[in-house]
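Here is a quick tour of a chain worth turning around on screen. Have the sequence and the model side by side as you read.

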Amino acid sequence: IISTKPEPDKNTNFNISHNPNNKRINTGIKTSLDLGKWKLYSGLQFNRADDYHSPAGRILNSSFKYFSGIFDLSIAGKNREFYLGYLTGIGKDIGKPDRENNSDKYDIVPSETNHIIRLGYIDKQMVKNGSFDFSMFLNPTTYRLEKINTGTNTIQGSDTTGINLGIKTDLKKSITDSFAFQAGVEWFSRQNIQMENRVQTGNEIEVTHPLHSGTRNDYGVF
């Protein structure tokens with residue numbers, strides 16, 4: 001999904017919907033332009049809701065706010081194509097309902113962010129009867145979680161930040177009309193992973209760091 005080349009649908013769409021159960025509003029717009037060699041695809045979406053109601057009553061802490069956007073630009077010639085894209089997702093005050101629907105004890109995600117920058121290059125001239133594809137992405141993320149217990153006046157919080165990134169190369173070649181091969185290498189990495197845990201009881205705060213500057217690398221060949 002991250003490294004797939006976007007395919008504009010050459011139109012503009014606007015959407016809006018409302019759900020009176022939880023006062024949910026979902027609205028957005030997307031547009032695409034085909035200017036010959038240049039193609040543009042972009043869109044914005046906003047979604048918010050209050051607590052929803054089930055047959056058993058109001059489900060506490062089920063409200064949320066979320067914003068997302070996309071911008072993709074590509075230029076293509078007869079044998080080469082280049083594309084650059086940006087995707088984002090930003091969540092605020094995302095509730096995590098408790099099974100017991102307890103108003104004194106609940107979880108919430110105050111903030112969650114994803115920013116994805118991706119680029120790709122396709123060359124159909126480098127290999128006879130084939131193509132060479134290159135793609136990469138960069139994805140900084142943040143995630144904050146809080147576990148709140150008003151009965152004991154306690155807040156447990158955790159923050160996780162990091163950067164995901166990856167590179168993929170792909171070679172395709174047709175040998176005959178019925179026989180072809182495909183080969184490539186991939187690298188996926190997580191860098192600078194930071195985790196912080198907090199426990200606040202009254203005015204006292206205890207902070208720990210279970211992971212500092214964490215790194216992970218995965219490689220693949222196919």
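Where is the place of N153? N153 sits in the loop between β9 and β10. Before going further, keep in mind that this is a predicted model.

## Two asparagines with positive phi

Start with the backbone at that loop. Phi of N153 is near 55°, a positive value, and N153 isn't a glycine. Most residues other than glycine have a negative phi. So N153, in the loop between β9 and β10, is a good place to pause.

N192 does something of the kind too: its phi is positive, about 55°, although N192 is not a glycine. N192 lies in a strand, though, namely β11. As for exposure, N192 has a relative accessibility of 41%, so it counts as partly exposed.

## The sheet

Now zoom out. There is an open sheet of 10 strands, paired antiparallel, and its order reads β1-β2-β3-β6-β7-β8-β9-β10-β11-β12. The edges belong to β1 and β12 (204-221), and each has a single partner strand, so one side of each is left without a neighbour in the sheet. On average, neighbouring strands here are turned by 5° against each other, direction ignored.

Walk across a few of the pairings. β3 and β6 (residues 64-76) run antiparallel and are joined by 12 bridges; for a landmark, R48 stands opposite K65 in β6. Next along, β6 and β7 (residues 80-96) are also antiparallel, with 12 bridges joining them. These two strands, β6 and β7, make a hairpin with 3 residues between them, and I75 has F82 in β7 as its bridge partner. Further over, 20 bridges join β9 to β10, again antiparallel, and there M136 stands opposite I167 in β10.

## A nonpolar patch on the surface

Which residues make the nonpolar surface patch of about 660 Å²? The members are F14, I16, I25, I29, L44, F46 and F67. The strands β1 (12-19), β2 (24-35) and β3 (38-49) each supply at least two residues of this patch.

I16 is a handy one to click on. I16 lies in strand β1, and its relative accessible area is 60%, so it counts as exposed. Remember that β1 is one of the strands at the edges of the sheet.

## Salt bridges between strands and elsewhere

Side chains of opposite charge can pair when their charged atoms come close. How many salt bridges does the count come to? The count is 10.

One of them joins the side chains of D107 and K147, at 3.1 Å from N to O. D107 lies in β8 (residues 105-123) and K147 in β9 (residues 130-149), so the pair ties together parts that are 40 residues apart in sequence. With a relative accessible area of 37%, K147 is partly exposed.

Another brings together the side chains of D159 and R198, also at 3.1 Å, N to O. This pair links distant parts of the chain, with D159 in β10 (residues 154-176) and R198 in β11 (residues 179-201), 39 residues apart. Are D159 and R198 buried or exposed? Both are buried. They don't stand alone, either: R144, D159, E196 and R198 are linked in a network of salt bridges.

Then there is R216 with D218, where the closest N and O atoms are 2.8 Å apart. R216 has 49% relative accessibility, so it counts as partly exposed. D218, at 31%, counts as partly exposed as well.

## A buried asparagine and its contact

One last stop is N164, whose place is in strand β10. Why does N164 count as buried? Its relative accessible area is 11%, and the cut-off for buried is under 20%.

What joins the side chains of N164 and R190? A polar contact of 2.8 Å does. If you're already looking at β10, D159 lies in that strand too, with its salt bridge to R198.

Note on methods. Residues numbered from 1 in each chain as written. Predicted model: local features only at pLDDT ≥ 70, side-chain atom pairs only at ≥ 80, totals over all residues. Heavy atoms only, no water. Patch = residues over 30% accessible without salt bridge, like charges linked within 9 Å, V, L, I, M, F, W, Y side chains within 5 Å. Areas by Shrake-Rupley, 256 points an atom, 1.4 Å probe, with all protein chains shown as cover. Salt bridge = Lys/Arg side-chain N within 4 Å of Asp/Glu carboxyl O. Helix = DSSP H or I, 4+ residues; strand = E, 2+ residues; numbered from the N terminus. Buried < 20%, exposed > 50% of the residue type's maximum accessible area, 1.4 Å probe, protein only. Pairing = 2+ DSSP bridges. Axes fitted to C-alpha atoms, helices over the stretch in contact; angles between N-to-C directions. Polar contact = N/O pair within 3.5 Å; in protein donor to acceptor, adjacent residues only side chain to side chain.
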